[in-house]
Amino acid sequence: MKKPPASTGRTDPVFDLLARPSHKQRLADYLALLKPLDDQGRYLPFEALRYRWAAGLDANLCWALVKKARTAQYINLLPLGEPVQWGKFVPTPLAQKTVSVVDRHTSTAALDYMTSQIGERVHFSYLLNDLIEDEAIASSQLEGAATTTRAAKDMLKHQRQPRTPDERMVMGNYRMMNFAWEKRYEPMSVTLIAALHKVGVEGINDEQYSPGVFRTNDEVVVQDGAGNTVHRPPPASGLILRLARLSDWINEPDSSPLDKHYLHPLIKAITLHFALGFEHPFRDGNGRVARALFYWFMFKHEFAAFHYIAISLLLRNAPVKYGRSYLHTEADELDLTYFIEFQCSIILRAVVGFTDVYHKSLADSQAFEHGLTRSGVFDQLTEQQRAVYQVAKSGEAKEFTASNVAENFSCSYTEAASTLEGLERLNVFERTTMGRETVFFLSGPLRGRKHGSQSLRPRVTTV
């Protein structure tokens, strides 16, 4: 066995500092910091770590040791900005866990399996159709839209024309999400980025947004709530070339998982999200386009369940952390680990919420069939009536009209009206009139304690 060579001294400046008498006596404390994560497994920025180091340690030396450990594990992702800097990241335990959960629960195959397990397949489809609206609404609210979630859902479900700029923003995001799905097999290009922006913002305030037109000056900046400039995008000069370079990186053929340069689609999609926000190629609406491109990339790689997973619903509840994940990355030599870590924490919670909906729907389906079989009502219901009843009993929706049933169940208005009237004749539903519409709802004795529109909302859990 060949022995390792004897150490003949170090020339590393960080270790040279440790050899100084003032630091040598705390050598064990310093060397304990030579790792990318803190003792609780978190990838923290300097501003958070500096308060957690033991008293008496030199903060600059502590940070140098942390950076040395991180640099040894960096994976280069892509070149960004002008002058060019390499965006990089460290594969953390949280990122690896999120990748695993996404692989198991959000692939097209997983979604097909979920729907096949639900006896009342259209019931699950109703829930999913409702969930996709959440992303369009929450993404708009994240950008400042003042419309309420209920009003926005009413607009989308009844397909009425938006009446205010905020409602137009919601409708634009909804169209942009559907556009991302329709274009999922197209290659990334400067043209596609512009088209996505145009679909998402056209008709809101064209003078403010310049739909589909890239900025031509350096007046666009990102400001915090106090009006302070926190990010200046790379110069407009060379913007198109940089977006083309980003497109080339996105369009690179997928490498084998055995390849040392393999990058999971989730990490690449999050990086695309960051890159668009970093470049800020449009006068306004950049965040919406960045989030839509994240979805587009996941759709492209056959993670179809993301069509029904509302990331912005959780981002909306943590806008400050969302913004800081950008700032920490930019402040620390484009270390994207901060941004990827935050996005993974959000995605993990969103996927858990999505699977909660599935498991609850599966349990309701089984309980529904058992209860109606015993009562004898089951034999009198059509398949569509059973599905509508199950949605009502689960609490996902409490008011039904022929219009929204026709839309959500992909049937004619006449068939939807017949379904609801049949449920009323069996005393399963009651009806009332609201304005010009006839509205059906679960009859009093059947409502139970779960009646209400929020009972089957994806449950956000702390992971």
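The exchange below walks through a predicted model of one protein.

Colleague: How many helices and strands does the protein have?
Modeller: This is a predicted model. Its chain has 463 residues, and 51% of them count as buried. Its secondary structure comes to 22 helices and 6 strands.

Colleague: What share of the contacts with a separation of 6 or more joins residues 24 or more positions apart?
Modeller: Take the contacts in the protein with a separation of 6 or more. Then pick out those between residues 24 or more positions apart. They account for 67%.

Colleague: Which helix gives the most to the largest nonpolar core?
Modeller: That core has 73 residues. Within it, F294, F306 and I311 touch the most other members. The helix that gives the most, with 12 residues, spans 337-375 and is α18.

Colleague: Which residues does I311 contact, leaving aside its neighbours within four places in sequence?
Modeller: I311 is among the core members that touch the most others. Its contacts include F294 and F306, which are also in that group. The full set is E135, F294, Y295, F306, Q343, I346, I347 and A350.

Colleague: How many residues are in the second, separate core?
Modeller: This core stands apart from the one around I311. It includes V405, A416, A417 and F429. Its count is 21 residues.

Colleague: How do the axes of α13 and α14 run, roughly parallel or roughly antiparallel?
Modeller: Helix α13 covers residues 239-251, and α14 covers residues 265-279. Their axes come within 11 Å and cross at roughly 180°. An angle over 145 degrees counts as roughly antiparallel. Therefore α13 to α14 is roughly antiparallel.

Colleague: How many nonpolar, polar and charged residues does the contact of α13 with α14 have?
Modeller: From α13 come L239, R242, L246, W249 and I250. From α14 come K268, T271, L272, A275, L276 and E279. By class, that contact has 7 nonpolar, 1 polar and 3 charged residues.

Colleague: What span does helix α10 reach from its first C-alpha to its last?
Modeller: Helix α10 runs over residues 165-182, which is 18 residues. At 1.5 Å a residue, 26 Å is expected. The model comes close to that, at 25 Å.

Colleague: Where does D166 stand: buried, exposed or partly exposed?
Modeller: D166 is in helix α10. Buried residues of that helix include E167, M169 and V170. Buried needs under 20% relative accessible area, and exposed needs over 50%. D166 has 24%, so the answer is partly exposed.

Colleague: Which residue, 22 residues from D166 along the chain, has its C-alpha atom 8.2 Å away?
Modeller: The starting point, D166, sits in helix α10. The C-alpha atoms of the pair are separated by 8.2 Å. The partner is G144.

Colleague: What is the relative accessibility of D335?
Modeller: D335 lies in the loop between α17 and α18. It touches Y43, Y74, K88, F89 and T329, not counting residues up to four places away in sequence. The C-alpha atoms of D335 and T71 are separated by 9.7 Å, though these residues are 264 apart along the chain. D335 counts as buried, because its relative accessibility is 0%.

Colleague: How far apart are the C-alpha atoms of F89 and I267?
Modeller: F89 lies in strand β2. It is buried, with a relative accessible area of 4%. Leaving out residues up to four places away in sequence, F89 touches I267, D335 and L336, among others. F89 and I267 are 178 residues apart along the chain, and their C-alpha atoms are separated by 9.6 Å.

Colleague: Which peptide bond is cis, with omega near 5°?
Modeller: Most peptide bonds are trans. The cis one involves P83, in the loop between β1 and β2. It is the bond from E82 to P83.

Colleague: H280 and S410 both have a positive phi. Is each one buried or exposed?
Modeller: Most residues other than glycine have a negative phi. H280, in the loop between α14 and α15, has a phi of about 45°. S410, in the loop between α20 and α21, has a phi near 50°. At 16% relative accessibility H280 is buried, while at 69% S410 is exposed.

Definitions and conventions
Residues numbered from 1 in each chain as written. Predicted model: local features only at pLDDT ≥ 70, side-chain atom pairs only at ≥ 80, totals over all residues. Heavy atoms only, no water. Core = buried A, V, L, I, M, F, W, Y, C linked by side-chain atoms within 4.5 Å. Buried < 20%, exposed > 50% of the residue type's maximum accessible area, 1.4 Å probe, protein only. Helix = DSSP H or I, 4+ residues; strand = E, 2+ residues; numbered from the N terminus. Contact = heavy atoms within 4.5 Å. Axes fitted to C-alpha atoms, helices over the stretch in contact; angles between N-to-C directions. Parallel < 35°, antiparallel > 145°, perpendicular 65-115°, else oblique. Nonpolar A, V, L, I, M, F, W, Y, C, P; charged D, E, K, R; others polar. Expected span 1.5 Å × (residues − 1).
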